[in-house]
Amino acid sequence: MISHIGTIDVFVNDQDKAVDFYVNALGFELREDQRFGPVRWVEVAPPGSQTRIVLCTKDFPVYEEGKIGRFTDIQLVTEDIKATHEELVSRGVTFTRAPEQMPFGGSNASFQDPDGNEFFLLQPPG
């Protein structure tokens with residue numbers, strides 16, 4: 001049976017710029033960076049995470065217009081949203097919504113990568 005989610009694609013214009021943001025601003029690890037013919041395969045992930053984000057460009061066979069600069073529906077989890085928000089802002093991350101308490105008891109915020117791809121930052125209840 002299915003054990004976990006392997007990768008999620010996020011489309012970017014410039015993989016080098018994206019790697020710099022995800023590794024240096026968000027603190028992700030660069031897990032893979034290699035070429036398969038004309039396609040450069042780049043994976044990043046939070047330390048310890050099984051699920052990786054593949055930083056795709058328009059060269060990927062599954063690219064469709066409008067995949068860059070959209071809401072990703074990806075929720076990144078933190079234990080302390082206020083501290084994480086402050087740290088990411090100090091690293092130049094642009095938030096589109098500051099942390100706020102949610103009716104279910106947790107907190108969330110939203111931020112963008114340099115290409116305008118938007119992510120949730122979530123602190124679960126408890």
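Which residue in β4 is the bridge partner of Phe 11? I looked this up before going further: Cys 56 is the partner of Phe 11.

Before the rest, I noted the ground rules. The model is predicted, with local features requiring pLDDT of at least 70 and side-chain atom pairs counted only at pLDDT 80 or more, while totals for chains, interfaces and linings use all residues. Residues are numbered from 1 along each chain as its sequence is written, and side-chain values use heavy atoms, leaving out hydrogens and water.

**Entry 1, the four-strand sheet.** I took strands as DSSP runs (E, at least two residues), numbered from the N terminus, and called two strands paired if DSSP finds at least two bridges between them. One sheet is open, with four strands in the order β1-β4-β3-β2 and mixed pairing. β1 (7-11) and β2 (29-36) each have a single partner strand, so one side of each lacks a neighbour in the sheet. Neighbouring strands here are turned by 25° against each other on average, direction ignored; axes are lines fitted to C-alpha atoms, for helices over the stretch in contact, with angles from 0 to 180 degrees between N-to-C directions. I found β1 parallel to β4 (residues 52-56), over five bridges.

**Entry 2, the helix.** Helices are DSSP runs of H or I, at least four residues. Helix α1 (residues 15-25) lies across β1, β2, β3 (39-45) and β4, at about 10° to β3.

**Entry 3, around β8.** I found β5 (residues 71-77) parallel to β8 (residues 118-123), joined by four bridges, with Val 77 opposite Leu 122. β7 (residues 107-112) pairs with β8 in the antiparallel sense over six bridges, and Gln 112 stands opposite Glu 118. Five residues lie between the strands of this hairpin, where Gly 116 takes a positive phi near 85°.

Note on methods:
Contact = heavy atoms within 4.5 Å.
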